[in-house]
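Visitor: I should like to discuss this structure with you. Please show the sequence and the model first.

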Amino acid sequence: MNAEDIKNILRNIPNSVSGDGKTFVAALKNYLTKYGLVTDEKIDSALEELTKKPNHVDSITLLELHAIMDGVRSNNVQINWDSTPVSDYAKAEIWYTRSADSSWEKAGEASGTQYVLQGVAAGETYYIRVIAVNSKGVTADFDTAPIANITIKGSQYIPAPPTQFVLTWDEQGPLWKWLFEDNNYVDFFELRLDQNPGVWNDKRLDSTRETWSRANPEVRSGTAYLYIRNIFGEYSEPAVHEFNKAMGGKPAAPILTATLDGVNIEMAGLPLGYTHYKIHIVTSDGEDDYYTTSNSEYIYFFFSGTITVSYCFVDDISDGEWSDTVQADVKTLMVNAENIADNAVTAAKIRANSIDASKIQAGAVTAEKIEAGAITAEKLAAGSVTSDAIQAGSVIGEKIAANAITGKHFAAENIDLTGALSITGGNVKLSEEGLRLTGGDNSYTLFNAEGINYIDKNGVVYAQVKKMIIGKAYDNQYIKFAAPWAKPPTVLMSPMSIKVNDSDYSASSLYLVCEATDVSINGFKVNSYLRLADDSYGVNNIAKIDTPSEFIVESMEQYWYGHYSYAYTFVCRSDVSKITIPSTAKYIELSLQLDITNPFSNNAYVYVKYPGANSGWTKLDNNSRTVTVQLIVANEVLQEVPFTIGDGTSTVIKNFILSASFNAGATEAIVRVIWKYKLKTGEHGSWQTIYNGKNYIAEATCKCTLKRTYYKIAASNAKIARGYATFLVTDGSTNIYLAEVFVKVLINYDGSPLVSKAVSVSGESYTTDADGYIEMKGSDYKEYTFVYGTAPPINATVAFTDGVVTTVNIAPANVTCYIKVTYDGKVVANQTVKLNNVDKTTDENGKIAVGGLDNHSGEYTVAYKNDSVTITVNYIDGSTTTAELFELQDGSKEWTWQETSYKNISFAIPGGAHRIKIEASVDWAEGEPYAETSASIINTANKKVWGNGYSYAADDGQNYDHKDIDSIVAVTPGKTYNLLFDCASTNGVKFSWGREIDKMIATVVDDEE
């Protein structure tokens, strides 16, 4: 029957009922019957449409993923499928099992075509079913749904061992180097001499994040092990290196020579890898000791007796083999041909006839050994030089000393050398210029009317000698020339005898001043003295105890308070300590301890014997005394320290420091104690009697002891000793020279001193010291180019002025480094992320290029999908910093007690969550005998209790046991759990999750598949 038939039936139903209405009722029943049939047909048709199962999805693919979330490692499976075959596709249910014939667990749902199954176990095979769901909530047939499977391999977090692990030695000592393959989980490297990584003992040489180490093995040979520790505390297999540093060979024996400063010990040069020498010296006067030096020559101050020396090379590990021992007598070292001064042996010192032919070895006397002018006519016997005695060719120009043949040796009266005439013999030339002696490098010495001049090959004149004065004078004397000089001369001075210390100053800076000032054509002033610098000081550490020997009342006032008794205000003083100081001092500092005895502490009364009166009692009127300690120098109070002493204790100890500056010239410092207090006295006599005895009152009531632990004085800039000096005055010293000065240059890199690093200065290599300095020498001002590492070169001018430090500031280079973005452990490649709120696209490796100044750092906030993280990037050229983002976010779900009153609730675990924190406060049972409450949450599938709590009261209604629900449940991310909440006796239930919660230890485990 169709709708038209139903309309016809309706038309035949009368509009009114007549008679008994049987006709009307029959017609109505007929209509209702027919209408019901039509409705049933429509319902059946609708039900068929509503319950029709959708088609299956197609093309299921599985991909294994790995992730680290808040330090917890996990293996995941990414599931993709094609929903095209499903005409009314709304979502999909994902089910899995670890065995094809075991029960299936629902992992979760996805509205798209991708789902990530998290927390899968390595080594297991997972079977995955994807069940399509249409918009009407009808699921595809489960049994015929497509299945895909994957065996989980798991991620390799333990790094591979390091490679190319070697040990070399350079001028700085041992250098370990290695390479490694970064798997993004490396924490640091551990260098050891045993195979116990992680154990902190003497076999652990170093832990570092660098790929090098300067750790010293402290042994010459052994086996080293290099481990890589990952961020989870796991160690790789070690790289192994067997090393052997041979001990240096035996050095050559030392060479001993005598100098004016002692015995010079010359040693062989240091071999590569050795840092210094160790010298063993034994002397005949009982000295037997070892000394170290980094120089190949060492002077030992020893001038008489026998010295025995040996030495060895020393490297970073130990001493090397010792050389042979050399022994010598110092006097023998000093007397040899090289140490005999010119003209030390003269004719006057040789006894007549002491040298004859028998004492002269054949060939011992040659022309080279006879000084020019040494053999003159007066020294030759008449007729001793004949043609028979002169060897043919032996008398030639170069063998005749200058001026050896003079006019008197010629028959002619004079030899005229004007114009171009000259007499030349070898390197000697006599002409109207004067007598010239030429050296091998074309320099020469010229003797003429100008004096003696030395002229180098460049024509520069040195050390002219004309007139000269030598003498001695005392400090502050003025040397006046007999006649004015043509120009101010050059004055050289040397001290003769001056005191060089001051016993008053244990730590002093002394300057020996010996120089000429006010030099003019008429004379000069002599300065020859020892100067004490401003920073000199002396310390006396001898403890001294002083007690007052005299009390003086400076003021005394009387107050009437009844019964013929009076109160008196006293101000009295006592000089406790007097310290003698040198007149050069201008500062003093004393460390003091004042021990004040309170005579009123026991009975509050002190009995005093007055002159001309009976003894009487005295007590404090106001229960306190003011004590002031003063430091006085040159009758001037420079510092004072006040404090108040009550009457409650018998002794008060005060520690304090007094210090003051003053003008030089004072010779005494005084420590003075001043008391101010008010006393009550009985009827001790008249005012005059008590006044006359005021000092006795002071002595009886003012008790103290002063302990001086030390004092320190500082000096002014002053002369403390004077003496004589020798002087040399000459007007002929041209002295053309270049005085180079050694100066320090501070190398700053990026605003801080560059410590122990190699820098290039105009192509020359320097190494900065521990404070960032290099030492250069030169004169005046000069510009250099400074280069360090990858930093841009910088030009700077160095001032070669004594005491002046030039600072060179080198700025770091701009470098490029990278941020790698991961999401749930997977690289975010070719995706748009926000970097400091600016859209950036990652490359195929998930990286974004950033940059800044070398070795600086910057903060970046990286955002992708639902997460963001702020990281610090260290700007190291080419380095990569990882920004780890995660799906899991902090969240919670709460139910009221009404909603959890014995209710079944399905709860889907958020993606990425492995832990759920459950909290519920159970109602307190009390007030009624044996009252009790309880609450629980149970997984209906396996009856596992996720949390339970209770509260019990005793027969008197007092609570004796109570427990709230507070548990951490290990769960499967994305899985839906059916839970029975029996929590009516609570204030409600709260489920929480997040990254910090995922780090917590589970109290309940319900994550089995």
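**Ser951 and a four-stranded sheet**

Guide: The side chain of Ser951 reaches the backbone nitrogen of Ala925 at 2.9 Å. This is a predicted model, in which local features need pLDDT of at least 70, side-chain atom pairs count only at pLDDT 80 or more, and totals for chains, interfaces and linings use all residues. Residues are numbered from 1 along each chain as its sequence is written, and side-chain values use heavy atoms, with hydrogens and water left out.

Visitor: Which side chain does the side chain of Ser951 join in a polar contact of 2.7 Å?

Guide: A polar contact is a pair of N or O atoms within 3.5 Å; within protein, one must be able to donate a hydrogen and the other to accept it, and residues adjacent in sequence count only if both atoms are side-chain atoms. At 2.7 Å, the partner is the side chain of Asn959.

Visitor: Is Ser951 buried or exposed?

Guide: Buried means under 20% relative accessible area, exposed over 50%, partly exposed in between (1.4 Å probe, protein chains only). With a relative accessible area of 0%, Ser951 is buried.

Visitor: In the open sheet with the order 58-57-60-61, which strands stand at the edges?

Guide: Strands are DSSP runs (E, at least two residues), numbered from the N terminus, and two strands pair if DSSP finds at least two bridges between them. The pairing in this sheet of four strands is antiparallel. A single partner strand leaves one side without a neighbour in the sheet, so the edges belong to strand 58 (838-841) and strand 61 (867-874).

Visitor: Which residue of strand 60 stands opposite Leu835?

Guide: Strand 57 (residues 832-835) and strand 60 (residues 857-864) pair in the antiparallel sense over two bridges. Opposite Leu835 in strand 60 stands Val862.
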